[in-house]
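User: Please take a close look at a single part of this structure and explain how its strands are joined. I am a first-year student, so please define each technical term when it is used.

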Amino acid sequence: DKVSAPGRANFDIRMPGGNWPCQKPPWGRLTAVNSSTGDIAWQIPLGITEQLPAGKQNTGRLAMAGPIVTAGGLVFVASTDDNRLRALDVKTGKELWATTLERRGNANPMTYQGANGKQYVAIVATETLAVYALP
């Protein structure tokens, strides 16, 4: 008898360049909901698949953590396996800034005001803490 260990089941298909989910992309999305109406304000694929050709990378990726929203209208999220921290416009979902982290951002970002009066965004990327100052 075959015994399988507990864990996440996946339905990936092995193809040249990697294993890909068997359903059509997007494979991960970020959705903003208008809290006054309950309507979807915007929805975007979240994450890219770098192993695919340049024009086909905007596939979305599996997300493991949530975003935060700042009072200045920015959404910060870093939960995808493409190892990026992104800043999005809260009204449109448009990506305004992104940086590549050393590892996956596997926690919700946080923001704080430093003793110098500047605002910072921090994210845990596996065992590394990455901190960025906002302009």
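Analyst: **The sheet and its surroundings**

Strand β6 (residues 74-77) and strand β7 (residues 84-89) run antiparallel and are joined by four bridges. The term strand refers to a DSSP run of type E with at least two residues, whereas a helix is a run of type H or I with at least four; both are numbered from the N terminus. Two strands are said to pair if DSSP finds at least two bridges between them.

The model is a predicted one, in which local features need pLDDT of at least 70 and side-chain atom pairs count only at pLDDT 80 or more, while totals for chains, interfaces and linings use all residues. Residues are numbered from 1 along each chain as its sequence is written, and side-chain values use heavy atoms, with hydrogens and water left out.

The pairing of β6 with β7 belongs to an open sheet of four strands, ordered β5-β6-β7-β8 and paired in the antiparallel sense. Its edge strands are β5 (68-69) and β8, each of which pairs on one side only. In general, strands of a sheet pair through backbone hydrogen bonds, either parallel or antiparallel.

Which residue of β7 is the bridge partner of Leu 74? That partner is Asp 89. On the pairing of β7 with β8, five bridges join the two strands in the antiparallel sense, and Leu 88 stands opposite Glu 95 in β8. These two strands form a hairpin with five residues between them, and Gly 93 in the turn has a positive phi of about 85°.

Within strand β7 lies Arg 84. This residue counts as buried because its relative accessibility is 15%; buried means under 20% relative accessible area, exposed means over 50%, and partly exposed lies in between (1.4 Å probe, protein chains only). The side chain of Arg 84 is joined to that of Glu 50 by a polar contact of 2.9 Å. A polar contact is a pair of N or O atoms within 3.5 Å; within protein, one must be able to donate a hydrogen and the other to accept it, and residues adjacent in sequence count only if both atoms are side-chain atoms. A polar atom of the Arg 84 side chain also lies 2.8 Å from the backbone oxygen of Asp 82. Leaving aside residues up to four places away in sequence, Arg 84 touches Ile 48, Glu 50, Val 77, Ala 78, Thr 99, Thr 100 and Leu 101, where contact means heavy atoms within 4.5 Å.

Another arginine, Arg 103, is placed in the loop between β8 and β9 (110-113). With a relative accessibility of 39%, Arg 103 counts as partly exposed. Its side chain makes a polar contact of 3.1 Å with the side chain of Glu 127. Beyond four places in sequence, Arg 103 touches Asn 83, Ala 125, Thr 126 and Glu 127. The C-alpha atoms of Arg 103 and Ala 125 are 5.1 Å apart, although the two residues are 22 apart in sequence.

Strand β8 also takes part in an aromatic pair, and the structure holds two such pairs. Rings of Phe, Tyr and Trp (its six-membered ring) pair if their centres lie within 6.5 Å; planes under 30 degrees apart count as stacked, over 60 as edge-to-face and the rest as tilted. Trp 97 and Tyr 132 form an edge-to-face pair because their ring centres are 5.4 Å apart and their planes are at 70°. This pair links distant parts of the chain, with Trp 97 in β8 (residues 95-100) and Tyr 132 in β11 (residues 128-133), 35 residues apart. Trp 97 is partly exposed at 32% relative accessibility, and Tyr 132 is partly exposed at 24%. Tyr 112 and Tyr 120 form a stacked pair, since their ring centres are 5.3 Å apart and their planes are at 20°. Tyr 112 is partly exposed at 34%, whereas Tyr 120 is buried at 17%.

For the wider setting, the protein chain has zero helices and 11 strands. Buried residues make up 32% of its 135 residues. The average pLDDT is 88, and 89% of the residues score at least 70; pLDDT is the predictor's confidence in each residue, from 0 to 100. Over residues 1-5, pLDDT stays under 50, and the model has zero contacts for them beyond four places in sequence. Where pLDDT is low, the predicted coordinates should not be read in detail.
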